There are 2 protein chains.
Amino acid sequence: MLGYLTTDAVVEPGVLQQALRHVADRTFNAITVDGECSTNDCVFALASGASGVAIARHDDPRLIEPMIAVAGHLAREIVRGGEGATKLVTIRVTGARSDADAWLAARTIANSPLVKTAIHGGDPNWGRLVAAAGRSGADFVLDRASVSIGDVPVFVAGVPHDDRAPAAAAVLAHPAVTVTVDLGTGGTADATMWTCDFSAEYVRINAEYRT
Amino acid sequence: MLGYLTTDAVVEPGVLQQALRHVADRTFNAITVDGECSTNDCVFALASGASGVAIARHDDPRLIEPMIAVAGHLAREIVRGGEGATKLVTIRVTGARSDADAWLAARTIANSPLVKTAIHGGDPNWGRLVAAAGRSGADFVLDRASVSIGDVPVFVAGVPHDDRAPAAAAVLAHPAVTVTVDLGTGGTADATMWTCDFSAEYVRINAEYRT
């Protein structure tokens, strides 16, 4: 993957680099297909200065917001194009004690083969989501943890709501799905990652591909 | 998974606990199917004392060697029984700077979907093995790294030996395969894990299974 972002703003290289790091961490570094990396995955930002509009701070919203919008779109297209992918899945983790914990839980859930196959099968399996969060190493309080599929709460403060499984399964039938897991620590840190479902076609493509 | 080991040796609980920890780290904690854990995975050891043979040290080979043999057999049977598994794969990492690095690289390789699908497809894809070791976070020196499939070296000190691909593919046709990756640091630490290949059947089983 090689990504290029261009702007006609006037931005010093150091400021643009800082902005790109901030943007990449919330876009290209927040996606996964199978957890694998390519040695040449790289994203660049270039500023021509042609507009004459000077940007002095890396977090100036005039710079950062359009960068996140473009990079986020490109990053999500990578996930949509994942081998055998049929769904774009947004994994949102809330209620984490720290940013590091939020990312750890989000990354573990987003790479979990059992979560990804359940979503492929349209199964609102809160148990696999809770198990992935629990084994991630992030602080996790089961009695206060919650899981929603789209806006359907299937597990609330440690209690399963399996009567809502049909409504949650209906959400999972869509090509784009958001899953929210609250770690129940009472913390306010959160993280959002994008992943895809895991299909038999993934295995076929990667087992039959020869170097 | 619930595992039980019994012995008729006379062993104090503290010593047996220490022995079990040592054994579990090299057997039950050294296997993976898909990186997922069950909340009730647990292994117990019980000593009756019936033989009258006293064991005072946790590393007494009369205790530890048969425990490793039995626990290792049970652990590998779990991998063989993994969803959709057709092969038992031994991942051996050598040339690591530290034990922690050796385990980190072995675990990353053993859980890599691209490695596991390549092995399923019978593809001696050294690039995926090297890429998994490289992204693991362990110290890794590409120019000195090597990969063997069984006893066929397919990548030696940073140089691909693709003329050996047919011989390596023949090794991969067997139901039990050993893959060795040397991290090339010149270190002497090593680690051995057991995993299985990744088949379309894995996806079918886990996508269609409903809670």
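**Helix packing, symmetry and charge pairing in a predicted two-chain model**

In chain B, the cover over the buried residues of helix 6 includes helix 4 (113–120), strand 4 (146–149), strand 5 (152–156) and strand 7 (176–182) of the same chain. The model is predicted. Helix 6 of chain B spans residues 165–172, and its buried residues are B:Ala168, B:Val171 and B:Leu172. Viewed down the helix axis, these buried residues fall within an arc of 100°, so they line one face of helix 6.

Helix 7 of chain A, residues 200–208, packs across the chain boundary. Its buried residues are A:Ala200, A:Tyr202, A:Val203, A:Asn206 and A:Ala207. They fall within an arc of 150° seen down the axis, so they too line one face of their helix. Their packing partners belong to chain B: helix 4, helix 5 (126–135) and helix 7 (200–208).

The relation between the chains was examined next. Two copies of a chain are related by a rotation about an axis and a shift along it. Here, a turn of 180° and a shift of 0.0 Å along the axis lay chain B on chain A, with an RMSD of 0.0 Å. The two copies are thus related as by a two-fold rotation axis. In chain B, the C-alpha nearest that axis belongs to B:Ala200, at 2.2 Å. Of the interface residues of chain B, 100% are also interface residues in chain A, so the copies meet through the same surface.

Charge pairing was then considered. Side chains of opposite charge can pair when their charged atoms come close. Over all chains, the count comes to 14 salt bridges. One of them joins A:Arg80 to A:Glu77, with the closest N and O atoms 3.0 Å apart. Both residues lie in helix 2 (residues 61–80) of chain A, 3 residues apart, about one turn of the helix. A:Arg80 is partly exposed, with a relative accessible area of 44%. A:Glu77 is also partly exposed, at 37%.

Another salt bridge links A:Arg204 and A:Glu201, with closest N and O atoms 2.8 Å apart. This pair lies in helix 7 of chain A, again 3 residues apart and about one turn of the helix. An α-helix has 3.6 residues a turn, so residues three or four places apart point the same way. A:Arg204 is partly exposed at 36% relative accessible area, and A:Glu201 is partly exposed at 37%. In chain B, B:Asp59 and B:Arg57 meet in a salt bridge at 2.9 Å, N to O. B:Asp59 counts as partly exposed, at 34% relative accessibility. B:Arg57 is exposed, with a relative accessible area of 55%.

B:Asp101 has no such partner. The residue lies in helix 3 (residues 99–111) of chain B. B:Asp101 is buried but has no salt bridge. The nearest side chain of opposite charge is that of B:Arg97, 5.8 Å away. That distance exceeds the cut-off of 4 Å for a salt bridge, so the two residues do not count as a pair. Instead, the side chain of B:Asp101 reaches the backbone nitrogen of B:Asp139 at 2.9 Å. Leaving aside residues up to four places away in sequence, B:Asp101 touches B:Ala96, B:Ala138, B:Asp139 and B:Leu183.

Helix 3 of chain B also holds B:Ala100. B:Ala100 is exposed, with a relative accessible area of 56%. The C-alpha atoms of B:Ala100 and B:Ala167 are separated by 32 Å, and the two residues are 67 residues apart along the chain.

Terms used. Residues are numbered from 1 along each chain as its sequence is written. Chains are lettered from A and ligands numbered from 1 in the order in which they are written. This is a predicted model: local features need pLDDT of at least 70, side-chain atom pairs count only at pLDDT 80 or more; totals for chains, interfaces and linings use all residues. Side-chain values use heavy atoms; hydrogens and water are left out. Helices (H or I, at least four residues) and strands (E, at least two) are DSSP runs, numbered from the N terminus. Buried means under 20% relative accessible area, exposed over 50%, partly exposed in between (1.4 Å probe, protein chains only). Lys and Arg count as positive and Asp and Glu as negative; His and the chain ends are not counted. A polar contact is a pair of N or O atoms within 3.5 Å; within protein, one must be able to donate a hydrogen and the other to accept it, and residues adjacent in sequence count only if both atoms are side-chain atoms. Contact means heavy atoms within 4.5 Å. Copies are superposed by least squares on the C-alpha atoms of residues with pLDDT of at least 70 in both. The arc is that of the directions from the helix axis to the C-beta atoms.
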